[in-house]
Amino acid sequence: MAERHGIHTREVPASVISAISPIATIPVVFGTAPVHLSKLAAAPVNVPILCKSWEEACDALGYSDDWGAFTLCEAMYSHYKLYKQGPAVFINVLDPETHKTSVTPSAITLNTGLATLPASGIIKNSVIVQSQDGATTYKRDKDYTLTYDKIGKLILAVKPGGGITNATPTLLVGYDMLNGAAVTTMDIIGGTDPATGAVTGLELIKQVFPRFQAVPGLLLAPGFSHDPTVGTVLKAKAEGINGHFKATALTDLPASLQYTELAAWKRDNLYTSERQINAFPKVTKGGRVYHYSTHLAGAICQTDAEKEGVPYRSPSNKTIQVDGAVKADGTTVALGPDEAAYLNSQGISTALNFVGGWKTWGNRTAAFPEVIDPQNAFIAVRRMFDWIQNTVILTYWKYVDDPANKRMIETVTDSLNIWFNGLQASGYILGGRVEFLAAENPVESMMDGKLKFHIYVTPPSPAQEIEFAVEYDAQYLGAIAA
């Protein structure tokens with residue numbers, strides 16, 4: 001070893017642990033997609049797909065303006081086009097192998113060797129092309145080619161040198177086409193096949209973090225979440241993902257109902273979880289009709305992103321990209337502040353066109369008014385508690401199975417308290433601390449390797465009601481004689 005003489009220094013890693021925050025607010029959306037337009041090698045059926053942009057989503061899932069048949073397209077358009085947000089996970093349950101309708105071969109007339117097939121959602125590999133008398137079946141890529149145009153229609157083009165000649169003006173063409181209407185609530189709910197282990201539907205939420213290392217923040221199923229069977233499972237999944245993480249379910253209430261009927265429907269169908277936000281009615285933008293849950297998701301993601309992904313601000317009174325509100329039949333819904341306040345008082349969020357244009361309106365979780373404590377009644381407070389818990393899990397998971405000694409306990413408490421001080425300084429919480437209490441850690445538990453840390457934290461409640469007292473003050477009359 002070389003001899004050293006003088007003063008020397010070296011740097012060591014900081015002993016303070018930096019909190020690992022969940023990646024922004026990741027929506028996980030369940031529904032149906034035009035997977036016949038997907039550019040992936042295999043149609044993405046019952047597999048989580050993480051998309052960071054509009055282009056990625058269209059390439060992976062396909063896109064169609066037929067939102068009734070393909071519900072994920074609405075969520076894609078709203079999330080990327082209207083709210084300019086980033087990562088989202090989409091899970092398509094529409095299976096081309098089962099959710100399809102067969103169309104018997106019928107006459108198609110060629111025009112200079114081309115024909116646009118009339119139906120949407122045609123599965124390319126299912127197309128059968130025959131001569132007009134049905135005696136000859138032509139081969140794809142030898143006698144003809146098939147390509148999708150910009151709106152998803154299939155174009156048949158005669159291939160030069162193939163078996164289809166100019167003397168063949170009419171062909172018989174049959175095919176299978178996707179049938180979004182064949183998707184049932186049970187397809188959305190899904191489950192795990194005990195024989196094969198295949199996971200489908202809402203059960204796939206458990207695969208999101210193992211696949212992408214991203215904690216789900218919002219769970220949606222626009223077009224399906226107003227069904228009580230789906231809504232019940234969706235909120236149940238939000239309460240415990242992978243046995244550890246917490247999320248928020250955004251559930252639509254039936255837009256066919258009058259607003260005065262919603263409170264009873266909500267109670268009767270148990271849309272009453274503290275990790276659930278009920279949305280009503282539908283909304284419009286530029287002639288398109290949306291489920292309100294998709295816009296609520298966009299507003300929440302946008303609000304969180306403005307503050308480093310910390311969900312301490314209420315998603316109420318935030319601008320939304322809509323120009324109207326409607327019922328399921330298209331009837332205009334024009335709620336005033338008093339009517340919107342009534343819905344809020346029943347744990348229902350709505351869209352309000354009042355001061356400042358169209359805004360989200362509602363601070364309360366679905367648990368309100370039966371539950372009134374701030375931790376479970378206010379959306380922002382509930383989401384902050386869940387975000388803090390998710391962050392603690394991500395940050396301190398590495399300490400699982402380490403020696404349970406004093407140094408470990410001090411490291412955890414010191415770093416957490418520093419983190420809470422930072423959150424307080426940023427205005428994200430009013431205050432917070434963590435303690436390792438002897439009363440909660442008896443010797444028997446510590447001998448068994450069980451440690452309990454107690455977190456005390458207070459996120460700010462939203463300014464739900466602001467009142468100004470206005471009084472006539474006669475002393476200002478003196479200004480007349482002055």
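Select strands 4, 9 and 6, taken as DSSP runs of E with at least two residues and numbered from the N terminus. In this predicted model, the three strands form an open antiparallel sheet in the order 4-9-6, where pairing requires at least two DSSP bridges between two strands. Strand 4 (100–109) and strand 6 (128–130) are the edges, each pairing on one side only. Neighbouring strands here are turned by 15° against each other on average, direction ignored; the axes are lines fitted to C-alpha atoms, with angles running from 0 to 180 degrees between N-to-C directions.

Next, show strand 9 (residues 170–178), which pairs with strand 4 in the antiparallel sense over eight bridges. Pick Lys 100: Leu 178 in strand 9 stands opposite.

Now move to Ser 225, in the loop between strand 12 (216–220) and helix 5 (228–238); helices are DSSP runs of H or I with at least four residues. Ser 225 has a relative accessible area of 0% and is buried (under 20%, 1.4 Å probe, protein chains only). Display its contacts (heavy atoms within 4.5 Å): leaving aside residues up to four places away in sequence, Ser 225 touches Val 230, Gly 231, Leu 234, Leu 250, Thr 251, Asp 252 and Tyr 271. A polar atom of the Ser 225 side chain lies 3.0 Å from the backbone nitrogen of Asp 252.

Finally, zoom out. The protein has 13 helices and 21 strands, and its C-alpha trace spans about 95 × 90 × 50 Å along the principal axes. Of the 482 residues, 49% are buried.

Residues are numbered from 1 along each chain as its sequence is written, and side-chain values use heavy atoms, without hydrogens or water. Local features need pLDDT of at least 70 and side-chain atom pairs count only at pLDDT 80 or more, while totals for chains, interfaces and linings use all residues.

Technical notes:
Buried means under 20% relative accessible area, exposed over 50%, partly exposed in between (1.4 Å probe, protein chains only). A polar contact is a pair of N or O atoms within 3.5 Å; within protein, one must be able to donate a hydrogen and the other to accept it, and residues adjacent in sequence count only if both atoms are side-chain atoms.
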